[in-house]
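Here's a quick walk through one protein model, written for someone who likes to know the cut-offs. Have a look at the structure first.

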Amino acid sequence: MRTFIRQGILFLLSAASFLAGKAQEATRIVSLAPSVTATLQQLGADRIIVGRTTYCPAALDGKPYVTIGNVLETNIEKIIALKPDLVFGMAFTKAETLEKLKALGIKVRNFPTPADFEEICSQTLEIGSLAGYGRQAKALVESEKAKVESLRAEFRQSHPLKSAPRVFFQIGDRPVFPVIEGTFMNQYLTFLGLENIVKEYKGGGISREYVVAADPDLMLISKMSGTGQEAADYWKKFKDIRAVQNGHVVLVDDTMACCPTPVFFRKTLQFIAGYLRKM
């Protein structure tokens with residue numbers, strides 16, 4: 001009899017622990033960051049996203065998410081109406097918005113912009129854990145890390161560089177904003193043995209004269225939500241730039257390159273490596 005009672009107690013404790021663990025998993029998520037929305041989709045968690053920004057990718061299953069504003073301006077009333085149990089933010093999310101949500105008892109997790117691929121992977125693991133997709137996140141990160149390392153090794157072996165091609169990577173226009181050192185986007189270059197022409201640069205726009213004087217071998221231009229082609233065409237007027245002379249002014253998909261997820265990082269790296277093989 002005592003054994004039966006003890007087993008019953010152990011079963012109830014185990015069930016309570018299981019239910020408590022399940023209760024911690026998010027079932028209604030509002031994402032205020034395109035990279036978080038994309039990460040959740042890549043983990044197979046599309047169904048638990050209920051709200052997103054205008055810059056986030058559209059729903060995969062055809063059922064539209066509720067749009068709650070853009071990255072900078074969000075409609076708090078819309079967020080509250082969705083009854084989320086978890087809200088994800090990123091660097092541009094206003095602190096005031098997050099504090100108001102916290103005050104209402106809504107769980108909030110705000111991420112800084114990841115500095116490198118390793119941090120992208122770490123954030124993915126945390127997003128997966130909080131959303132109840134920890135196993136999927138672990139598998140995804142392990143797979144993408146292996147693919148990135150394999151790509152780097154294969155590129156170094158099949159495409160040895162006598163000298164590092166000098167690259168200008170533009171992600172904003174008027175003023176011109178470049179990819180700078182110390183960012184995850186700069187790793188697209190360093191992982192492939194390329195040299196960023198923008199050195200010791202701390203932020204803000206740069207002059208076109210700076211780029212002309214640096215004379216890059218390759219110019220990577222973000223599509224910049226549709227304005228990239230115009231920027232690329234403008235650069236082609238500068239015939240003294242080596243990249244222009246040799247036809248190496250290339251548009252890069254900003255929806256992937258500027259969106260820090262393990263999958264998009266690897267795909268952007270593949271795209272740049274593929275172009276380099278043809279140079």
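What follows covers the overall build, one sheet with its helices, two residues and two pockets.

## Ground rules

This is a predicted model, so a few filters apply: local features need pLDDT of at least 70, side-chain atom pairs count only at pLDDT 80 or more, and totals for chains, interfaces and linings use all residues. Numbering starts from 1 along each chain as its sequence is written, and side-chain values use heavy atoms, with hydrogens and water left out.

## Overall build

The protein has twelve helices and ten strands; these are DSSP runs numbered from the N terminus, with helices being H or I of at least four residues and strands E of at least two. Its C-alpha trace spans about 90 × 45 × 35 Å along the principal axes.

Of the 279 residues, 45% count as buried (under 20% relative accessible area; exposed is over 50%, partly exposed in between, with a 1.4 Å probe and protein chains only). Take the contacts (heavy atoms within 4.5 Å) between residues at least 6 apart in sequence: 58% of them join residues at least 24 apart.

## The five-stranded sheet

One open sheet runs in the order β3-β2-β1-β4-β5, with parallel pairing; two strands pair if DSSP finds at least two bridges between them. β3 (66-67) and β5 (108-110) sit at the edges with a single partner strand each, so one side of each has no neighbour in the sheet. Further in, β1 (residues 29-31) and β4 (residues 86-89) pair in the parallel sense over three bridges, and S31 has F88 as its bridge partner in β4.

Helix α2 (residues 34-42) packs on this sheet, touching β1, β2 (49-52) and β4, with its direction at about 155° to that of β2. Helix α5 (residues 117-131) lies across β1, β4 and β5, at about 165° to β4. Axes here are lines fitted to C-alpha atoms, for helices over the stretch in contact, and angles run from 0 to 180 degrees between N-to-C directions.

## Two residues to click on

Is T37 buried or exposed? T37, found in helix α2, has 0% relative accessibility and therefore counts as buried. Beyond neighbours within four places in sequence, T37 is in contact with S31, I49, R52, C56, P57 and Y65.

K223 is found in the loop between β9 (218-222) and α9 (228-235), and with a relative accessible area of 38% K223 is partly exposed. Not counting residues up to four places away in sequence, K223 touches G228, L251, V252, D253 and D254.

## Pockets

Rolling a probe the size of a water molecule over the atoms shows where empty space is left. A pocket is an open set of points on a 1 Å grid over the protein atoms alone, where a 1.4 Å probe fits, with protein on both sides within 12 Å along at least five of seven lines; lining residues have an atom within 4 Å of a point.

The largest pocket holds about 1300 Å³ of space. Its lining has 37 residues, with F92, I171, D254, C258 and C259 nearest the centre. Elements giving two or more residues to that lining are α2, β6 (166-172), β7 (177-178) and α11 (254-257), and α2 gives the most, with three.

The second largest pocket has a volume of about 170 Å³; a volume is the space filled by probe spheres set on the points, which are joined across faces, edges and corners. Among its lining residues are R28, D46, I49 and Y65.
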